[in-house]
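Let's take a walk through this fold together, starting with its sheet and ending at its charged surface. Keep the model open beside you as you read.

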Amino acid sequence: MDPGRFLVALGQALATQSLYGSDHPAFRRGLALAADQLAELQASEPRMQFTFLPGEILAGREVLHELADWEWGARLRGAGIERLEFTGWVCADELERFVDHLGTRLGGRQADSADVWQLGEGHIRWGRLRVGADEPEPLVREDPLPVATLTFSLREEREAVAWMHGEVVAGALPLVEAEAIVRSLSLAMHADQAMVLPLLELKDFDQYTTTHSMNVSVLSMALAEYLGLGGEGLRAIGLAALLHDLGKVRIPREILVKPGKLTQRERSVVQRHPVEGARMILERHDELDLAATVAYEHHLMIDGSGYPTLHFPREAGYASRLVHVCDVYDALRTRRPYRDAWESEPTLAYIESRAGLEFDPTIARSFVKMMREWEARIVSQPAV
């Protein structure tokens, strides 16, 4: 039997759990596949051990070369799981408890004592490797383990956003999936909190709308939390930020990736995307008032200028003003066909200089302070 197939199935189950939650059919299918793969492995050998090292994964003493770059290996190490051991036959229910607990640890949150007790009575053990010892550290720890890894690719989430945009073009807005993406981004944000906000780098100009919307969602939730918001209000802002540029699905690709200056006609097409986005959101889900408002207002200046043109200039809503700052920051920090990306400090200096003119002064200055604090943490981290 191939132990690598079990690890791949386990990673897929964790990915669908983080994206859709434990009740979604996609997660149930992924979990069942992982359980089947584990049962096949344990049919010949109930006891087995996996070790996750930088750039190398071992099943027992065998190196799994095909999984050298497996991203879940890095995530598990970052969550304090360098050794995974099965001491006896594992039933499907125990594997499910283990996956649920893994999801908690990978989210950077401490599990409750009941969950740890249940796992402690079973046949699954894991922990960190200790130099000169054959056994990992004990499972139970009193302090929560910080996830200090920079390897969150958010590939599954990015693919889900791209799929969601395709569904919007086809006439649907999959709200459940959008909310799941926001939950996953929030988990990644808190998991990486020890080092850096998990912002995505643009790999291809065609990915701009997808990548940008995810970054703005992460930045908006981080800023909202920094300003004291939490709970459902925080996730509502994250969802509104994720959907703020939805109207861009109506902009022809040749305009979005055009390397030169836009014509007046092309510019007018681009400037219609706030109205288009708000209309699409309301047509598909009338309970998404905040998201529709943010989509409509996120290009308005503090004095009501900007676009779309208002008959009676007014101040945008609080969530729109918050998303606007994050939107401009990520847009300037991203390389586009017609210009290079700005460095962080000039971008923050620009936002600071426009506080009270383009941006809400309190929100803008809080954003600048937050980002400089994050950057100070990054600089202070030891080299790895």
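**A guided look at the fold**

Strands β4 and β5 are antiparallel partners, held in register by four bridges; two strands count as paired if DSSP finds at least two bridges between them. Strands here are DSSP runs of E with at least two residues, helices are runs of H or I with at least four residues, and both are numbered from the N terminus. Before going further, please note that this is a predicted model, in which local features need pLDDT of at least 70 and side-chain atom pairs count only at pLDDT 80 or more, while totals for chains, interfaces and linings use all residues. Residues are numbered from 1 along each chain as its sequence is written, and side-chain values use heavy atoms, with hydrogens and water left out.

Within the β4-β5 pair, Leu84 has Trp126 of β5 as its bridge partner. On the other flank, β4 is joined to strand β1 (residues 48-53) by four bridges, again antiparallel, and here Thr51 is matched with Arg83 of β4. Strand β2 (residues 56-59) pairs with β3 over two bridges, also in the antiparallel sense, with Leu58 facing Val63 of β3 as its bridge partner. Put together, the five strands make an open sheet in the order β3-β2-β1-β4-β5, with antiparallel pairing. Which strands stand at the edges? They are β3 (62-63) and β5 (124-127); each has a single partner strand, so one side of each is left without a neighbour in the sheet. As a reminder, strands of a sheet pair through backbone hydrogen bonds, either parallel or antiparallel.

Strand β4 (residues 83-86) deserves a second look, since both of its faces are covered: Arg83 and Glu85 on one side, and Leu84 and Phe86 on the other, are all buried. Buried means under 20% relative accessible area, exposed means over 50%, and partly exposed lies in between (1.4 Å probe, protein chains only). Glu85, at 12% relative accessibility, falls in the buried class.

Glu85 also leads us to the salt bridges, of which the structure holds 14; each is a side-chain nitrogen of Lys or Arg within 4 Å of a carboxyl oxygen of Asp or Glu. Glu85 forms one with Arg47, where the closest N and O atoms are 3.7 Å apart. This pair links distant parts of the chain, with Glu85 in strand β4 and Arg47 in the loop between α2 and β1, 38 residues apart. Unlike buried Glu85, Arg47 is partly exposed, with a relative accessible area of 48%.

Now move on to Arg250, which forms a salt bridge with Glu276; their closest N and O atoms are 2.9 Å apart. Arg250 lies in the loop between α9 (231-242) and α10 (253-256) and Glu276 in helix α12, so the pair ties together parts that are 26 residues apart in sequence. Arg250 is partly exposed at 45% relative accessibility, whereas Glu276 is buried, with a relative accessible area of 17%. Arg279 takes part as well: Arg250, Glu276 and Arg279 are linked in a network of salt bridges.

A further salt bridge joins Arg321 to Asp360, with the closest N and O atoms 2.8 Å apart. Arg321 sits in helix α14 and Asp360 in the loop between α15 (344-353) and α16 (361-380), a pair linking distant parts of the chain 39 residues apart. Is Arg321 buried or exposed? It counts as buried, at 14% relative accessibility, and Asp360 is buried too, with a relative accessible area of 10%.

Two helix residues give us contacts across the sequence. Ala34 belongs to helix α2 (residues 25-44) and is buried at 1% relative accessibility; Ala34 and Gly11 are 23 residues apart in sequence and 8.8 Å apart in space, C-alpha to C-alpha. Thr210, in helix α8 (residues 208-226), is buried with a relative accessible area of 9%. Between Thr210 and Leu242, the C-alpha distance is 8.9 Å, with 32 residues of separation in sequence.

One backbone detail is worth finding before you finish. Most peptide bonds are trans, but the one from Tyr307 to Pro308 is cis, with omega near 0 degrees. Pro308 is located in the loop between α13 and α14 (318-333).
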